[in-house]
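Here's a quick tour of a protein model, written for someone who likes to check numbers against coordinates. Have the viewer open and follow along.

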Amino acid sequence: MRQVHPDYNESSGLVVDGSIRIAADDNPVLIGTECSECEYVVFPSRPFCRNCLSDNVSDVELARTGQLETYTVAHTGQEGIEPPYAFGFVNLENVQIYSRFTEWKERSLEVGDQVELVLEKIKTDTETGEPLFGHMFRPMEEEQ
């Protein structure tokens, strides 16, 4: 069995965004909402469609890989997040989502690259000192 992240304990519930689940294959998966009326997909999940306002929606698992649409590197940080860090937009099968990126210093990050979903430590809880986890994307290894 592969661990999602060496420091992540699923029983702790220390996930920043509740729209992340651990799939049966032990990989993280993002949960979005798909509208049954207009087929609009949004992330994170919502109780109604953001496009047509219908409440005829259901949760859907989003693709774990996508294409980097755009990104930038921040050199000043938010509270609890150490700069520099990269963030931007990823195109999945039928939705574009905002995300931070990991391993962008070790592997080059270029617009159009294929990226994959990972669960990473996002920041430290300022009240408890516990690590908080969330979704990030990393550049995929090029196939030889």
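The notes below go from the overall fold to a ring cluster and then to two isoleucines.

## The big picture

First things first: this is a predicted model. The secondary structure is easy to sum up, with zero helices and nine strands. Read along the sequence, that gives the pattern β-β-β-β-β-β-β-β-β.

The protein has 144 residues, and 38% of them count as buried. Its accessible surface comes to about 8,800 Å², with 42% of that belonging to carbon and sulfur atoms. As for how the chain folds back on itself, take the contacts with a separation of 6 or more: 49% of them are between residues 24 or more positions apart.

## The barrel

Which strands close into a barrel? There are five of them, in the order S5-S6-S7-S9-S8, and the pairing is mixed. Neighbouring strands of this sheet are turned by 40 degrees against each other on average, if you ignore direction.

As general background, strands of a sheet pair through backbone hydrogen bonds, either parallel or antiparallel. Here, S5 and S6 run antiparallel and are joined by seven bridges. If you want a spot to click on, try Thr-70, whose bridge partner in S6 is Phe-89.

## A cluster of rings

Now for the aromatics. The structure holds three aromatic pairs. One of them is Tyr-85 with Phe-87, a tilted pair at 6.0 Å centre to centre with 40 degrees between the planes. Tyr-85 is buried, because its relative accessibility of 7% falls under the 20% cut-off. Phe-87 has a relative accessible area of 23%, so this residue is partly exposed.

Phe-87 also pairs with Tyr-98: the ring centres are 5.8 Å apart and the planes sit at 55 degrees, so this pair is tilted too. The pair links distant parts of the chain, with Phe-87 in strand S6 and Tyr-98 in strand S7 (residues 96–101), 11 residues apart. Tyr-98 is partly exposed, at 43% relative accessibility. Put together, ring pairs link Tyr-85, Phe-87, Phe-89 and Tyr-98 into a cluster.

What sits over the ring of Tyr-85? That would be the charged end of Arg-100, 5.0 Å from the ring centre.

## Ile-81 in its loop

Ile-81 is placed in the loop between strand S5 (65–74) and strand S6 (85–91). Is Ile-81 buried or exposed? Its relative accessible area is 10%, so Ile-81 counts as buried.

Which residues does Ile-81 touch, leaving aside its neighbours within four places in sequence? The contacts are Arg-100, Ile-122 and Lys-123. Arg-100 is the residue whose charged end sits over the Tyr-85 ring. Ile-122 is 41 residues from Ile-81 along the chain, yet their C-alpha atoms are separated by 7.2 Å.

## Ile-20 at strand S1

One last stop, back in strand S1 (residues 20–22), where Ile-20 is found. Ile-20 has a relative accessibility of 9%, so this residue counts as buried. Its C-alpha atom is separated by 5.9 Å from that of Ile-31, with the two positions 11 residues apart in chain numbering.

Definitions and conventions. Residues numbered from 1 in each chain as written. Predicted model: local features only at pLDDT ≥ 70, side-chain atom pairs only at ≥ 80, totals over all residues. Heavy atoms only, no water. Helix = DSSP H or I, 4+ residues; strand = E, 2+ residues; numbered from the N terminus. Buried < 20%, exposed > 50% of the residue type's maximum accessible area, 1.4 Å probe, protein only. Contact = heavy atoms within 4.5 Å. Areas by Shrake-Rupley, 256 points an atom, 1.4 Å probe, with all protein chains shown as cover. Phe/Tyr/Trp six-rings, centres within 6.5 Å; stacked < 30°, edge-to-face > 60°. Lys NZ or Arg CZ within 6 Å of the ring centre and 35° of its normal. Pairing = 2+ DSSP bridges. Axes fitted to C-alpha atoms, helices over the stretch in contact; angles between N-to-C directions.
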